[in-house]
Amino acid sequence: MIIRKASADRFVTLGTRPLPRFPGWWLALGPGIVWLALAQGSGELIWWPYIVAKYGLTFLFLLIPACLLQYPLNIEIGRYTLLTGESIFHGFFRLNKALGILLWVLMTLSFLWFGAFASAGGTALAALTDFPAGWSARAQTLFWGYASIAVFVAAVLLSGVVYTLIERFMKVVAIVTVAGLLWACLQPEVLSALPEFARGLLGPTGPMPRPWDNADATKLLTAITFAGLGGFWILFYSYWLRDKGCAMAVHMGRITGPIVGKPETVTTDGHLPRDTPAAAREWRRWRRYLSVDALIGVGGNLLTTLMTCLLAYALLFPQGLLPKDYELAVVQSRFFEVGWGQVGRLLFLLVAAAFLADTWLATADAVSRMQADIVQILFPRARAIAQRYLYYGFFAALTAITCLTMLLDAPGPLILVSAVIGFAGTVIFPPALYVLNHRLLAPLLPMWARP
């Protein structure tokens, strides 16, 4: 029934425009790297190392399938945005308004708690500086969490093009993280555990080393859900592709700062590519780009998660060390300490602070984009307001809300709440993506653009 109700009439309103030329790999790549850097801090530093440090290789075989599940979802999310210029949430509303509203509510609830990632980064900075002196671990963590949020808010307000700021910052975080983890994995103490670790990727290698703790059920679910950008996080990819100006999104405008030669005004409704031989050739390039860019995000994230799990198995599991409460990053400083001693420990805490706290920045930006976009989709009168003003309004509101929710509990439990709500969305929207792209949009596209 949903398919019939949502068919032709809701999509033929899309006009046609020329498909822009592919600008080249150096200029086009970026959204996948942002995806990779955000995924590194959204759970891979915390929950997979926790599961491995506590239960050894028992559940490791779930990691690769959980990560690879993200790839086809990324492709379908990116396909819709590249072919229409619209956000994926706009597609959900075109498909079925009730479905779109349900996903909007769940998405909003799941992101009320992401201030926990700033406080998770604060655990590293608190351990690194022991400042303010004499404060408890919780108080120091909150101090540094709020301080990092203040720095990021200032950066966003001073930035001409917010997406460019996000992309450049996340590229640095991704490179530093991958290089640091790779160096740590090359230490003899870690390499000696590699053969047995590799066997664990194929299935359990023996009995569970300790009895199952029922309290870890949510943590395991979170580890699987957050293997990559699980839950509603994966939908961010559409908004990064859109603000990057990829394919038909170049006609949409940017929320903050103009695309070169294009107006700053953001268009809500997209366009389909015109059916020309030139467009068919360009789409082949854009399609390859989407495959590679998504693979960078998923593959790079899988690599870093495997490295953190290897380090946890080699260094934390033998000693029974578990990252928890206000020491989420402190325990894993052992990752670098094995090679560089105290200097390595301090270096890891600095890196951990960067890629945990940067999760707050990228998430606040993306959720603000989503909210501004959805408000203008649902309420046509809101289109009279420049989307940038809605964006900054939601950014301010999210900053205030997350600063309050950080006070409610330690970072770990708050991240678990977000993951459990996000898991509901993960179950709902993959079928919707299939119907959207393969059943409803496909007949309206030129033959060369159909999936």
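In this predicted model, helix α10 buries Q140, T141, L142, W144, G145, S148, I149, F152, V153 and V156. The helix runs over residues 137-158, and its length checks out: at 1.5 Å a residue, its 22 residues should span 32 Å, and the C-alpha atoms at its two ends do sit 32 Å apart.

One of those buried residues, F152, takes part in an aromatic pair. Across the model, the count of such pairs comes to 25. F152 meets F169 edge-to-face, with 5.8 Å from centre to centre and 65° between the planes. The pair ties together distant parts of the chain, since F152 belongs to helix α10 while F169, 17 residues away, belongs to helix α11 (residues 162-185). As for burial, F152 has a relative accessible area of 10%, so it falls under the 20% limit and counts as buried. F169, at 28%, lands between 20% and 50% and therefore counts as partly exposed.

Another edge-to-face pair is made by W286 and Y289, at 5.6 Å centre to centre and with 85° between the planes. Here both rings come from helix α16 (residues 277-316), where the two residues are three apart, about one turn of the helix. Both W286 and Y289 are buried. Elsewhere, ring pairs join F89, F92, F93, F232 and F429 into a cluster.

Turning to the nonpolar cores, the largest has 92 residues, and within this core F89 and L235 touch the most other members. Helix α17 (residues 334-378) supplies the largest share of this core, with twelve residues. Leaving out residues up to four places away in sequence, L235 touches I77, I88, F89, F92, M370 and F429. Three of these contacts, F89, F92 and F429, also belong to the ring cluster. A separate core of 35 residues lies apart from the largest one, and A184, L311, A314 and L315 are among its members.

A polar residue gets a buried spot too. D216 sits in the loop between α13 (194-200) and α14 (217-225). With a relative accessible area of 1%, D216 is under the 20% limit and so counts as buried. Neighbours within four places in sequence aside, D216 is in contact with Y50, K54 and Y55. The side chains of D216 and Y55 are joined by a polar contact of 2.5 Å. As for K54, it is 162 residues from D216 along the chain, yet the C-alpha atoms of the two are separated by 9.9 Å.

How values were computed
Residues numbered from 1 in each chain as written. Predicted model: local features only at pLDDT ≥ 70, side-chain atom pairs only at ≥ 80, totals over all residues. Heavy atoms only, no water. Helix = DSSP H or I, 4+ residues; strand = E, 2+ residues; numbered from the N terminus. Expected span 1.5 Å × (residues − 1). Buried < 20%, exposed > 50% of the residue type's maximum accessible area, 1.4 Å probe, protein only. Core = buried A, V, L, I, M, F, W, Y, C linked by side-chain atoms within 4.5 Å. Contact = heavy atoms within 4.5 Å. Polar contact = N/O pair within 3.5 Å; in protein donor to acceptor, adjacent residues only side chain to side chain. Phe/Tyr/Trp six-rings, centres within 6.5 Å; stacked < 30°, edge-to-face > 60°.
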